[in-house]
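This report looks at a pocket, a helix and a nonpolar core in one protein chain. Please keep the sequence and the coordinates at hand while reading.

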Amino acid sequence: MSNLRIRHYFVSCGLLLFPAIVWNVTLAKYLPPAFAPSEFWRDIPHELAFAENALRILVFALPFFMPLQLSTKQQRTGLIVFIAGTLLYFASWLPLIAEPQSHWASSALGFLSPAFTPVLWLTGLALIGRRLFWVSAYRPWMYAALSMLFLTTHVAHATIIYARNY
């Protein structure tokens with residue numbers, strides 16, 4: 001396989017996920033105790049945990065099979081939505097880290113914001129990723145649907161944690 005062909009597969013929408021992944025890995029330890037893995041996964045119904053994790057794998061793996069191209073207006077709009085959504089997602093963590101006892105951080109909206117703000121950057125990915133490298137039957141709505149299912153399970157999970165802690 002030529003170097004150019006390998007690079008072609010390397011330049012995927014999956015690259016866009018790295019800032020969020022690094023953010024999560026680096027800063028998760030600073031979130032309030034309710035977000036610690038031992039507490040966050042305690043007593044979560046097995047069906048919900050399984051569905052959330054299976055959908056998480058699909059939603060985070062699929063962009064690595066989408067070429068990163070910005071050739072259409074929709075893809076360029078998707079990049080703007082993705083960047084804005086990623087920044088909003090990062091911002092949703094800051095009050096939880098800086099002032100975990102604040103009214104905002106202990107409100108349902110504040111506590112759940114890291115669970116629902118990915119709707120924007122996932123929508124941006126759906127707009128950018130118009131096709132897969134190998135599957136011609138793929139349509140962007142498929143990624144959007146998987147993302148919304150994932151977010152539904154993720155927000156349900158976070159809601160259980162919120163109800164248990166507040």
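What follows describes a predicted model, beginning with its largest pocket.

The largest pocket has a volume of about 600 Å³, and of the 24 residues that line this pocket, Asn24, Arg56, Tyr89, Trp93 and His154 are the closest to its centre. By class, the lining comprises 21 nonpolar, 2 polar and 1 charged residues. Helices H2, H3, H4, H5, H7, H8 and H9 each supply at least two residues of that lining, with the largest share, 4 residues, coming from H2.

| Helix supplying the lining | Residue range |
|---|---|
| H2 | 18-27 |
| H4 | 46-61 |
| H5 | 73-98 |
| H9 | 140-165 |

Helix H9 has 26 residues and reaches 37 Å from its first C-alpha to its last, which is close to the 38 Å expected at 1.5 Å a residue. Its buried residues include Tyr143, Phe150, His154, His157 and Ile161, and the buried residues of H9 pack against H3, H4, H6, H7 and H8.

The largest nonpolar core has 39 residues, and those with the most contacts inside this core are Met66, Tyr89, Phe111, Trp121, Leu122, Leu125 and Tyr143. Although H2, H4, H5, H7, H8 and H9 each supply at least two residues of the core, H9 gives the most, with 6 residues.

Tyr143, a buried residue of H9, is in contact with Val59, Leu62, Pro63, Met66, Leu122, Leu125, Ala126 and Tyr138, when its neighbours within four places in sequence are left aside. Tyr89, for its part, is among the residues closest to the centre of the largest pocket and among those with the most contacts inside the largest nonpolar core.

Notes: Residues are numbered from 1 along each chain as its sequence is written. This is a predicted model: local features need pLDDT of at least 70, side-chain atom pairs count only at pLDDT 80 or more; totals for chains, interfaces and linings use all residues. Side-chain values use heavy atoms; hydrogens and water are left out. On a 1 Å grid over the protein atoms alone, a cavity is a set of points where a 1.4 Å probe fits but cannot get out, and a pocket is an open set with protein on both sides within 12 Å along at least five of seven lines; lining residues have an atom within 4 Å of a point. Grid points are joined across faces, edges and corners, and a volume is the space filled by probe spheres set on the points. Ala, Val, Leu, Ile, Met, Phe, Trp, Tyr, Cys and Pro count as nonpolar, Asp, Glu, Lys and Arg as charged, and the others, Gly among them, as polar. The expected span of a helix is 1.5 Å times one less than its number of residues. Buried means under 20% relative accessible area, exposed over 50%, partly exposed in between (1.4 Å probe, protein chains only). Contact means heavy atoms within 4.5 Å. A nonpolar core is a set of buried Ala, Val, Leu, Ile, Met, Phe, Trp, Tyr and Cys residues joined through side-chain atoms within 4.5 Å.
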